[in-house]
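Here are a few warm-up exercises, each with a worked solution. Grab a viewer and follow along.

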Amino acid sequence: MKLIIAIVQRKDANPLIDSLTEGGFKVTKIASTGGFLKSGNTTLLVGVEQQEVDNVISRIKEKCKGETKSVETEDSLAKSIKTYDSYSDKKEVKVGGATVFVIDVDKFKKV
Ligand code: 2BA
């Protein structure tokens, strides 16, 4: 068995969960925060048999399209408020898409 951990944008989470549940997969949704942007994202946990991993990853790819955006980090906003100037620390980052980890599960039990 494998545990798929997918970190996705919040807006993509529900369409992806719908796709996964339609496919017969069980999903847990966790509210999470990215360490770099310090903004909310969503982490999904999906426990599957090995042969289903590619099916899940293709559903993730279909629902989570990436794009490059110029964003202002929370830190730079805080600096800007503190100094009352037009300090800008925008970063070009790829947002969307998904960060996916596939982990071996030693034991799976419901007790
Ligand atoms: P964040 O840490 O908020 O990162 C958001 C995006 O900012 C990243 O997108 C990447 O494009 C950029 N970024 C992150 N760290 C950077 C840095 N030190 N310098 C320049 N740009 C940087 P993704 O790579 O698609 O990651 C999306 C979210 O997935 C991350 O949000 C984080 O929550 C999670 N993530 C990504 N890689 C991870 C890892 N190795 N371990 C744990 N979580 C990870």
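Contact here means heavy atoms within 4.5 Å. We're working on a predicted model, where local features need pLDDT of at least 70, side-chain atom pairs count only at pLDDT 80 or more, and totals for chains, interfaces and linings use all residues. Residues are numbered from 1 along each chain as its sequence is written, and side-chain values use heavy atoms, with hydrogens and water left out.

**Exercise 1.** Place threonine 42 and list what it touches.

*Solution.* Start with the strand: threonine 42 sits in β3, residues 40–48 (strands are DSSP runs of E, at least two residues, numbered from the N terminus). Next, skip anything up to four places away in sequence; threonine 42 then touches Ala6, Ile7, Val8, Arg10, Ala13, Lys29, Ile30 and Ser32. Finally, threonine 42 counts as buried because its relative accessibility is 3% (buried is under 20% relative accessible area, exposed over 50%, partly exposed in between, with a 1.4 Å probe and protein chains only).

**Exercise 2.** How far apart are the C-alpha atoms of isoleucine 103 and lysine 2?

*Solution.* First find the strands: isoleucine 103 is in β6 (residues 98–104), and lysine 2 is in β1 (residues 2–8). Along the chain they're 101 residues apart, yet their C-alpha atoms are separated by 5.5 Å. Now check exposure: isoleucine 103 is partly exposed at 37%, while lysine 2 is buried at 14%.

**Exercise 3.** Which side chain makes a polar contact with that of lysine 2?

*Solution.* Aspartate 104, at 2.3 Å. A polar contact is a pair of N or O atoms within 3.5 Å; within protein, one must be able to donate a hydrogen and the other to accept it, and residues adjacent in sequence count only if both atoms are side-chain atoms.

Note on methods: Helix = DSSP H or I, 4+ residues; strand = E, 2+ residues; numbered from the N terminus.
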